[in-house]
Amino acid sequence: MSVKLYHFPISGPSRGALLAARAIEVPIEVEIVNLFQKEQMKESFLKINPQHCVPTLDDDGFIIWESRAIACYLADKYGKDDQYYPKDLKKRALVNQRLHFDGSSLYVKIRAVCFPILFLGEKEIKKPLKDDLNTTLGFLDQFLSNSKWVAGDHPTIADTSIYASVSSILAVGWDISGFPNIERWVKSCSALPGAEENDAGAKAFGEAVKKNLA
Ligand SMILES: N[C@@H](CCC(=O)N[C@@H](CS)C(=O)NCC(=O)O)C(=O)O
């Protein structure tokens with residue numbers, strides 16, 4: 001049996017999938033796809049994933065991409081228990097809600113801030129984008145006002161996914177002093193398995209963005 005993750009450490013979604021794998025403790029082979037060198041466009045990778053994005057998982061020939069779908073699959077198949085992705089319907093619904101919040105809102109706002117700086121020659125972050133991200137961080141702060149982790153009293157794959165996103169923006173130097181619950185949760189996340197590995201990738205992401213800022 002082999003479980004392989006096509007990964008690029010600078011990518012937040014890719015780090016989210018890897019953090020979930022580390023938390024679930026599934027032995028995983030990591031193959032780097034260097035997006036800066038356009039390796040995702042190689043014929044061999046396009047055959048695996050025609051959408052040419054990381055992360056992409058290959059579980060003994062079963063191919064799946066989308067970081068949060070990968071996290072759900074790994075937790076369901078390889079989780080030693082259901083702590084990271086509860087089977088209880090309501091607890092799972094809450095984890096799913098937070099995962100969708102990340103995929104359709106938080107990560108999207110972070111990308112909107114960073115993509116123009118990284119790839120479109122922009123030198124500063126436009127105020128509406130900054131405000132939009134801060135509004136969304138405010139929602140996350142509210143989620144965390146009632147619980148230690150983003151979906152309850154235990155870490156779940158919602159935490160690993162959202163931590164991958166938040167650590168990216170922190171590495172850019174984002175001021176989160178107005179979000180005390182996020183600040184507290186970020187400290188707890190440093191104890192998640194794979195957090196150091198994640199933070200190294202986030203640091204490289206942050207440096208790539210910061211070097212393009214005026
Ligand atoms: N929603 C996807 C986003 C995946 C994604 O956009 N990956 C980017 C890196 S952050 C990528 O591989 N870009 C290269 C490409 O699309 O060619 C997920 O969560 O996995």
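User: Helices (H or I, at least four residues) and strands (E, at least two) are DSSP runs, numbered from the N terminus. Two strands pair if DSSP finds at least two bridges between them. What kind of model is this?

Analyst: This is a predicted model: local features need pLDDT of at least 70, side-chain atom pairs count only at pLDDT 80 or more, and totals for chains, interfaces and linings use all residues. Residues are numbered from 1 along each chain as its sequence is written, and side-chain values use heavy atoms, with hydrogens and water left out.

User: OK, sheet first. In what order do the strands come?

Analyst: The order is E2-E1-E3-E4. These 4 strands make an open sheet with mixed pairing. At the edges sit strand E2 (29-32) and strand E4 (62-65), each pairing on one side only. On average, neighbouring strands are turned by 20° against each other, direction ignored. Axes here are lines fitted to C-alpha atoms, for helices over the stretch in contact, and angles run from 0 to 180 degrees between N-to-C directions.

User: Which helices pack on the sheet?

Analyst: H1 packs on the sheet and touches E1 and E2. The direction of H1 makes about 150° with that of E1. H3 packs on the sheet too, touching E1, strand E3 (56-59) and E4. The direction of H3 makes about 30° with that of E3. Contact means heavy atoms within 4.5 Å.

User: E1 and E2, parallel or antiparallel?

Analyst: Parallel, with 4 bridges joining strand E1 (residues 3-7) to E2. In one of these pairings, Lys4 has Glu29 in E2 as its bridge partner.

User: And E3 with E4, parallel or antiparallel?

Analyst: Antiparallel, again through 4 bridges. Asp59 stands opposite Phe62 in E4.

User: How many residues lie between the strands of that hairpin?

Analyst: The hairpin of E3 and E4 has 2 residues between the strands. Asp60 takes a positive phi there, near 50°.

User: Where else is there a positive phi?

Analyst: Glu25 has a phi near 65°, and this residue is not a glycine. Glu25 belongs to the loop between H1 and E2.

User: Switching to peptide bonds. Which residues does a cis bond join?

Analyst: Val54 and Pro55, with omega about 0°. Pro55 is in the loop between helix H2 (43-48) and E3.

User: What domains does the chain have?

Analyst: Domain 1 (3-78) and domain 2 (89-210). Those bounds come from an automatic or database domain assignment. Taken over C-alpha atoms, the domain centres are separated by 20 Å. Domain 1 puts 18 residues into the contact, and domain 2 puts in 22 residues.

User: Now the empty space. What is the volume of the largest pocket?

Analyst: About 840 Å³. On a 1 Å grid over the protein atoms alone, a pocket is an open set of points with protein on both sides within 12 Å along at least five of seven lines; a cavity is a set where a 1.4 Å probe fits but cannot get out, and lining residues have an atom within 4 Å of a point. Grid points are joined across faces, edges and corners, and a volume is the space filled by probe spheres set on the points.

User: Which residues are closest to the centre of that pocket?

Analyst: Ser11, Pro13, Leu35, Tyr107 and Arg111, out of 29 lining residues. H1, H3 and helix H4 (89-119) each give two or more residues to the lining. H4 provides the largest share, 8 residues. At least three lining residues come from each of domain 1 and domain 2.

User: How does that lining split by class?

Analyst: The largest pocket has 16 nonpolar, 8 polar and 5 charged lining residues. Ala, Val, Leu, Ile, Met, Phe, Trp, Tyr, Cys and Pro count as nonpolar, Asp, Glu, Lys and Arg as charged, and the others, Gly among them, as polar.

User: And what is the volume of the second largest pocket?

Analyst: About 200 Å³. Among the residues lining the second largest pocket are Asp82, Lys90, Leu94 and His154. By class, this lining has 3 nonpolar, 4 polar and 5 charged residues.

User: How many cavities of 30 Å³ or more does the structure hold?

Analyst: The structure holds 1. The largest cavity has a volume of about 30 Å³. The lining includes Gly16, Ser67, Arg68 and Ile157. Helix H1 (12-24), helix H3 (67-78) and helix H6 (157-171) each supply at least two lining residues.

User: Where does the largest cavity lie?

Analyst: Both domain 1 and domain 2 give residues to the lining of the largest cavity, so this cavity lies between them.
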